[in-house]
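Student: Could you take me through one part of this structure closely, and then show me how that part sits in the rest? I would like one connected explanation.

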Amino acid sequence: MAAGAASGGSATTDTYASARNLLLLPSWVILGIFVLAPVIMMLIYSFLTKEFRGGVIWQFSLAAYDQFFFDRGLFGDEPAKIEWTYINIFWRSTWQAGAATILSLLIGFPTAYFIATREESVRPIWVFLITIPYWVNLLIRTVSMKFLLRDEGPLNDFLMSTGLIDSPIHIINTNFAVQLGLFYSYLPFMVLPIYAAVERYNFSMSEAAADLYASKWVTLRRIVLPAIKPGVIAGCILVFVPSLGSFLAPDLLGGAKNFMIGSLIEEQFKGNAGNWPFGAAASMVLLSMVLIILMIFARQQSKADKAEG
Amino acid sequence: MKNLLKTSAAALALTVAANAAAAEGKLVVYHWFEYMPAELLEKFTAETGIEVTMDTYDSNEAMLASLKAGALGTYDVAVPGDYMVSIMAGEGMLDTIGDGELANKGNIAPEWADPAFDPGRASSIPYQWGSTSFAVNTAAYSGEINDTSILFDPPAELSGKINMLDSQGEVMALASLHLGIPQCSTDRDLLKGLNAMLQDAKGHWASFNSDTAKEVMVSGDVDVGMIYDGFAAKARAEKETLKYAFPAQGYVVWMDNVVLLKDAPNRENAIKFMDFLLEPENIAAVSNYARYAPGVTGAADHLDPELATLPEANPTPGSGAGVFIEVCDEQTQAVYDQIWTNVKK
C-alpha cells in the first residue's frame, strides 16, 4: 500500500502524458458544475443578507453565522450568549449517525466476512441478495419500516402472540427507531466495501497465525482487522456521512419532533422561516464538519501507512 | 456574478418544470399533490384543445420558494392558500385579472367574492375551502373533545398520543386561539406566554406529521391528531371512532385559490382554465374527489349527497368561530420562527 501510494500507481510509463489535460477535461467540467459551483454558491449565499420570505439581498452580512453561534433571546435584543440550540441539533444528528454506523458495523462486518468466506461461485448470489431490497425506493422502505415497528404492527403482534411480551414495545417515534431506520437504509454501504476487503485478504495469513499459536480472537484483532481496515473505514464513512444529513428516517420514524441537521436546513428553504443565508450557513458548518472528520481519518491512515512502511 | 447565479437558478428551474414553452394550446399548472381529479383535466382538454402540464408541491412555502428561485414565468396558474395569496400579491408575483375577462366571475359565491386576502378577487378565484382543527379517537377518550386543551394541555390518558401538523402557521394559529390572544401579536408578554405554553405542550406530543396525518390516526399510532376536515372525513371512513372537533375557542379556516401568475406564458389559456373551474359542475367534481367545499354558487347541486351532511364540514353548536391564518410582519415573523425552532429544537 505505502509503496503503491508513493509511486503513484503501478504504471511505469505514462502513455497518455501529452493528452492528459484534454482527457481530464470532462471530469473537471463535471466536478466544476456539480460540486464546485454549488458549494461556492452556498458559501456566497451564507454571507448575504436574508430577504423576508426567502431569497437574498446582495449585501454582505454575518447575520447567518451570528444566528448559528449566538443566542440573543426571543426578540433578538438581549446580550449575546452562546447559542446551544443548533449545536445540540448537530450533536444529536452526529450521535444518531454514529449509533447507526456502529449498528451497521456490528451486523455488516460478520455478514461481509461470511459472504467472503463462501465458495467463490456462490458469493455473487449472496451479494445479490444483500442488494435486492435496495432496488426499492428509500421512502417506501422507510414507510414499510414504520408499518412493521408500530405499536399495533406485525412485530408487536408476533411478539405478543408468542407470549414473550404482554404489552407492545414502543419503538416508533423514538431515537432507537431513527437509528434502526438509518442502519437499514445504509447497511449495504457497510457490507460491500468490507466484503471487497475481506475477499482480497489472504487467508493463509490466518493459518500462519494459528500455526504460531495465536488464538482466534488475537488473529482477528492483530491479523485480519489491520488487513481489512481500509474497507472498514470506507464502510463507516459511507454510512456515517449520508446518515448525518438524512431527514427521511428522522421524520417518518422519529416523528419529526426534533430537528435534525437535514430538516433544520430544509426548513430554511421550504418552511415558514424562509431564511436562505441561514440555511446556507448551516450547510457550510455541516460541510466543514464532514471535511474535518474525513481529514482526521485520512491523516491517521497515512500515519499508519508510514508506520508500517 | 449576481446575474450568473440568477440565470443559472432560472435555467435549473426551467429544466425541472416540464416543457413550459409558451406555445399555443398549452397550460402549465403548479398545484398541490393529489388535489385534482385526472378526469377533470381530460375534460378540460377535450373541451378546449388545451394540453395541461402539471407540477406539484406539498406546501405553500415550498411553492413560494420555488417561484422565488426563478420558476416565475414558467407556470400560468398556482393554487396557494388564503394567507399565501396575500404574500404572493405583496411580492408582486400575481397578475391582475381585468374586468370582464372572466366570463364566470359572477359564479363566485357572494361570501367568497371579496375576501380580505384578495380584495375584489383581483388575481384569484376560489378553489376549495375547509377547516383545520383536530380529530380524537373516541374509543380512547370519552370526555369533551371540542376544546383546544385536547392538543395543548391534554388529559393524562391522551398525553403522548398526539400528532401535530408539521406546519408552523397552523400550529401557531390554533395555539393563539387556545390562549385567546390575537395572531401575530407584537405584545412581548403575549409572545413569551405563547412560547412558554408551546414548550410545555410539546412534552405531550408524540410526533409532527403532515403527509401521514390521516394514516397515524387510522393505524392507532396516536389517538389525537391535528388534521384538515376532508382528511378527517377520509380517516373516519376507515376508522369510525374518529371524531373531528370544532373547539369552543375557535378553529382555523382556509381557502385554496387558483391565482393568475405574473409573466404567465399562456395567459389566455389560464383565464379559460379559471372560467372552467368556475363552472359549478366542474368545481363540484373537485369537491367530490377532495372532500372539501367549493366556493361557487350552484355547485351544491352537483355534490355527492353525503358531502352536505358531512360531520367534518358542519360545525357543531357551541363551536367557536373559524379564523384565517394571518400574515405577520417581518419582525413578528422572526419571533414566530424563533418560537417554532424552540418547539422543535
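Tutor: What follows starts at one strand of chain B and works outward.

The model is predicted, and every value below is computed from it. The part to look at is strand β7 of chain B, residues 224-228. Five of its five residues are buried, and the strand is mostly covered. The cover lies on both faces: Val224(B), Met226(B) and Tyr228(B) are buried on one side, and Gly225(B) and Ile227(B) are buried on the other.

Next, the neighbours of the strand. β7(B) is joined to β4(B) by five bridges, and the two run antiparallel. In this pairing, Met226(B) of β7(B) has Phe134(B) opposite it. β7(B) is also joined to strand β5 of chain B, residues 162-164, by two bridges, and here the strands run parallel. In that pairing, Val224(B) of β7(B) stands opposite Ile162(B).

The surroundings can be followed further from Ala135(B). Leaving out residues up to four places away in sequence, Ala135(B) touches Gly225(B) and Ile227(B), and its other contacts include Met217(B), Ala232(B), Ala235(B) and Leu242(B). Lys243(B), Tyr244(B) and Ala245(B) are on the list of contacts as well. Ala135(B) also stands out in the largest nonpolar core: among the 155 residues of that core, Ala135(B) and Leu261(B) touch the most other members. The largest share of this core, however, comes from chain A, where helix α8, residues 175-200, gives 16 residues.

Now the domains. The domain assignment divides chain B into domain 1, made of 2-129 + 255-308, and domain 2, made of 130-253 + 315-344. Taken over C-alpha atoms, the centres of these two domains of chain B are 28 Å apart. Eleven residues of domain 1 of chain B and ten residues of domain 2 of chain B make up the contact. On the domain 1 side of that contact in chain B, α4 (82-90) and β4 (124-137) each give at least two residues. The largest share of that side, four residues, is from α4(B). By class, the domain 1 side in chain B has seven nonpolar, two polar and two charged residues.

Between α4 and β4 of chain B there is a loop, and Arg121(B) is found in it. The phi of Arg121(B) is near 55°, a positive value in a residue other than glycine. What makes such a value worth pointing out? Most residues other than glycine have a negative phi. Arg121(B) counts as partly exposed because 18 other C-beta atoms lie within 10 Å. A second case is Cys184(B), in the loop between α6 and α7 of chain B. Its phi is also positive, near 55°, and Cys184(B) is likewise not glycine. Cys184(B) has 19 other C-beta atoms within 10 Å, so it too is partly exposed; a residue is called buried if that count is 20 or more.

The helices on either side of the loop that holds Cys184(B) lead to the contact between the chains. That contact takes 34 residues from chain B and 28 residues from chain A. On the chain B side, α6 (168-179) and α7 (188-202) each supply at least two residues, as do α1 (2-16), α3 (60-71), β6 (205-208) and α13 (330-344). The largest share of the chain B side, eight residues, is from α13(B). This side of chain B holds twelve nonpolar, ten polar and twelve charged residues.

Last comes the partner, chain A. Chain A has 13 helices and four strands. Of its 309 residues, 30% count as buried. Its C-alpha atoms fill a box of roughly 75 × 70 × 35 Å along the principal axes. Among the contacts in chain A with a separation of 6 or more, 66% are between residues 24 or more positions apart.

Chain A also has a strand pairing to set beside that of β7(B). Strands β1 (residues 48-50) and β2 (residues 56-60) of chain A pair in the antiparallel sense over three bridges. Within this pair, Thr49(A) has Ile57(A) of β2(A) as its bridge partner. The two strands of chain A form a hairpin with five residues between them, and in the turn Arg53(A) has a positive phi of about 65°.

Methods. Residues are numbered from 1 along each chain as its sequence is written. Chains are lettered from A and ligands numbered from 1 in the order in which they are written. This is a predicted model: local features need pLDDT of at least 70, side-chain atom pairs count only at pLDDT 80 or more; totals for chains, interfaces and linings use all residues. Domain bounds come from an automatic or database domain assignment. Two residues are in contact if their C-beta atoms, placed from the backbone, lie within 7 Å. Ala, Val, Leu, Ile, Met, Phe, Trp, Tyr, Cys and Pro count as nonpolar, Asp, Glu, Lys and Arg as charged, and the others, Gly among them, as polar. A nonpolar core is a set of buried Ala, Val, Leu, Ile, Met, Phe, Trp, Tyr and Cys residues joined through C-beta atoms within 7 Å. A residue is buried if 20 or more other C-beta atoms lie within 10 Å of its own, exposed if 12 or fewer, and partly exposed in between; C-beta atoms are placed from the backbone. Two strands pair if DSSP finds at least two bridges between them.
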